[in-house]
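Open the model in your viewer and keep the selection box handy. We will go from stop to stop, picking out a few residues or elements each time.

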Amino acid sequence: MSQKNYSFFGSVEKSFERAAKFTTWERGILEQIKECNGVFQIRFPVKRDDGSIEVIEAYRVQHSQHKTPCKGGIRFAAEVNQDEVMALAALMTFKCAIVNVPFGGAKGGIKINPRKYSAYELEKITRRYTAELIKKNFIGPGIDVPAPDYGTGEREMSWILDTYSAMHPSEIDAAGCVTGKPVTQGGVRGRREATGLGVFFGLREVCNMPDVMKRLGLTVGVEGKKVVVQGLGNVGYHSAKFFEDAGAIIIGLAEYEGSIHNPNGLNVDEVFQHRKATGSILNFPGATNLPKNTDALELECDILIPAALENVINGENAPRVKAKIIGEAANGPLTPEADEVFIKKGILVVPDMFLNAGGVTVSYFEWLKNLSHVRYGRLEKRFTENLNTHILGQMEELTGKKVSTEEREFIMHGPDEVDLVYSGLEETMINATNEVMDEWKNNPSIPDMRTAAYVVAINKVGTAYAELGIFP
Ligand code: NAD
């Protein structure tokens with residue numbers, strides 16, 4: 001399929017329909033679950049630093065309000081279009097359902113290449129976009145809560161919060177209008193690395209399933225697994241880092257400008273620093289340069305993690321992919337044609353729909369923190385430490401033995417915010433991975449894990465709609 005004719009929303013619809021056959025919902029409910037509830041398309045002018053005026057194209061799509069608020073990131077990319085934002089909004093609905101985050105799905109996009117704008121221009125664009133959302137009631141802690149996505153981060157979320165707060169001066173919960181904020185602006189510790197950590201937790205759970213590993217001809221566990229990551233941004237960097245910390249070998253990395261390969265392993269932080277210093281991952285000491293950013297996708301490895309953009313593995317290059325497991329850290333990196341190839345080849349695709357849900361899960365924790373106006377761990381940390389000290393003292397007295405200083409610190413430690421966030425994320429990802437895998441195992445005619453994930457999502461959203469009683 002040519003890139004021109006490719007519809008991302010069409011591919012989501014295709015996957016949805018494939019899964020719908022394995023559910024018992026009537027057609028009307030399926031249609032309501034599938035369609036986007038609201039599409040907001042905006043154009044607004046911005047004065048560039050050189051004095052010229054440019055008209056900016058932007059979107060916010062609310063896919064579902066079966067739970068409110070709806071939630072989803074904002075993307076800054078030259079390729080942004082309505083079809084893409086609709087698809088990403090739909091994926092958000094299904095993603096939230098699978099990980100039991102009580103939000104509907106939404107997504108936003110501004111059609112700009114952020115690299116071509118100054119920080120001042122980006123601030124003006126972000127603030128104007130926020131003002132447009134406010135005018136149409138498309139943002140608010142109980143309405144629709146944006147977050148970072150490709151090309152955006154904490155800085156843009158701060159601008160959104162500041163614009164929203166300025167226009168809602170008496171709203172006590174204003175901080176909950178956006179997530180992915182810096183910690184000083186009401187963000188939660190652990191949000192920055194959440195999506196990558198969630199990708200790691202999900203894939204680690206799959207690697208710990210003996211029957212699945214046996215089928216793929218792999219050993220159980222993450223340690224020693226050969227991993228390739230495409231995209232060294234927020235999601236890719238952290239995914240690679242958590243795998244490296246767990247003893248996996250990062251043999252390939254790809255960025256915009258090309259790919260690098262070292263079968264003995266690449267040090268993720270050193271590559272990151274090298275790119276920062278030279279502007280490119282290429283020419284990293286000890287590694288082989290591969291000219292294209294897609295070359296890394298075809299390396300011999302155990303786990304391939306596309307963490308850049310959608311549609312990077314398609315009918316054309318899928319037959320050359322040699323990985324045993326593909327973990328979709330990006331949204332929609334595989335086309336339906338690639339899925340068909342991998343089903344035939346017996347390659348396990350762990351789908352974006354829940355694998356990259358770490359960001360929205362921790363965003364949910366951030367939103368709860370904003371509504372409760374208290375830092376996680378503030379109430380229980382000292383109490384837990386005092387209690388643990390007392391229990392340890394009693395044990396030492398009764399046994400007449402002392403534990404080591406290292407053990408003492410570990411046992412006594414009361415939870416900080418980041419401990420609770422990591423633990424909530426780990427629990428969420430383990431449960432979601434098992435729920436989807438169980439759905440697949442219990443119904444052998446389901447062809448792949450993506451379809452199983454859709455089935456789980458459709459059943460949850462369908463149940464919510466049915467319980468709302470909107471289908472008399
Ligand atoms: P990011 O902007 O931080 O990083 C993306 C990186 O990919 C950049 O470094 C960019 O240079 C690189 N890149 C772009 N095109 C490439 C190519 N063809 N080959 C190799 N590298 C390329 O964005 P991000 O937040 O990490 O998002 C990445 C993907 O993950 C997107 O699909 C996004 O929708 C998805 N995602 C992000 C989050 C989140 O919390 N940030 C959550 C869920 C899903």
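Is asparagine 100 buried or exposed? Select asparagine 100 and turn on the surface: with a relative accessible area of 53%, this residue is exposed (buried means under 20% relative accessible area, exposed over 50%, partly exposed in between, with a 1.4 Å probe and protein chains only). Asparagine 100 sits in the loop between α3 (82-98) and β4, and has a positive phi of about 55 degrees although it is not a glycine.

A word on what you are viewing: this is a predicted model, in which local features need pLDDT of at least 70 and side-chain atom pairs count only at pLDDT 80 or more, while totals for chains, interfaces and linings use all residues. Residues are numbered from 1 along each chain as its sequence is written, and side-chain values use heavy atoms, leaving out hydrogens and water.

**Next, the sheet.** Switch to cartoon and find the five strands that form an open, mixed sheet in the order β1-β2-β4-β3-β5. Helices (H or I, at least four residues) and strands (E, at least two) are DSSP runs, numbered from the N terminus, and two strands pair if DSSP finds at least two bridges between them. β1 (38-47) and β5 (144-148) stand at the edges, each with a single partner strand, so one side of each has no neighbour in the sheet. Now select 70-76 and 104-110: these are β3 and β4, which run parallel and are joined by five bridges. Lysine 71 has glycine 105 in β4 as its bridge partner.

**Just before β3.** Select threonine 68 and proline 69; the peptide bond between them is cis, with omega near 0 degrees. Proline 69 belongs to the loop between β2 (53-62) and β3.

**Then the cysteines.** Where are the disulfides (pairs of cysteine sulfur atoms within 2.5 Å)? A search of the whole structure finds zero. Select cysteine 96: its sulfur is 9.6 Å from the closest cysteine sulfur, in cysteine 70, which is too far for a bond. Cysteine 96 is buried, at 0% relative accessible area. For cysteine 207, the closest cysteine sulfur is in cysteine 301, 12 Å away and again too far for a bond. Cysteine 207 is buried too, at 1% relative accessibility.

**Last stop.** Select histidine 373, in the loop between α12 and α13 (381-399). Its phi is near 60 degrees, a positive value in a residue other than glycine, and at 48% relative accessibility histidine 373 counts as partly exposed.

Note on methods. Disulfide = S-S within 2.5 Å.
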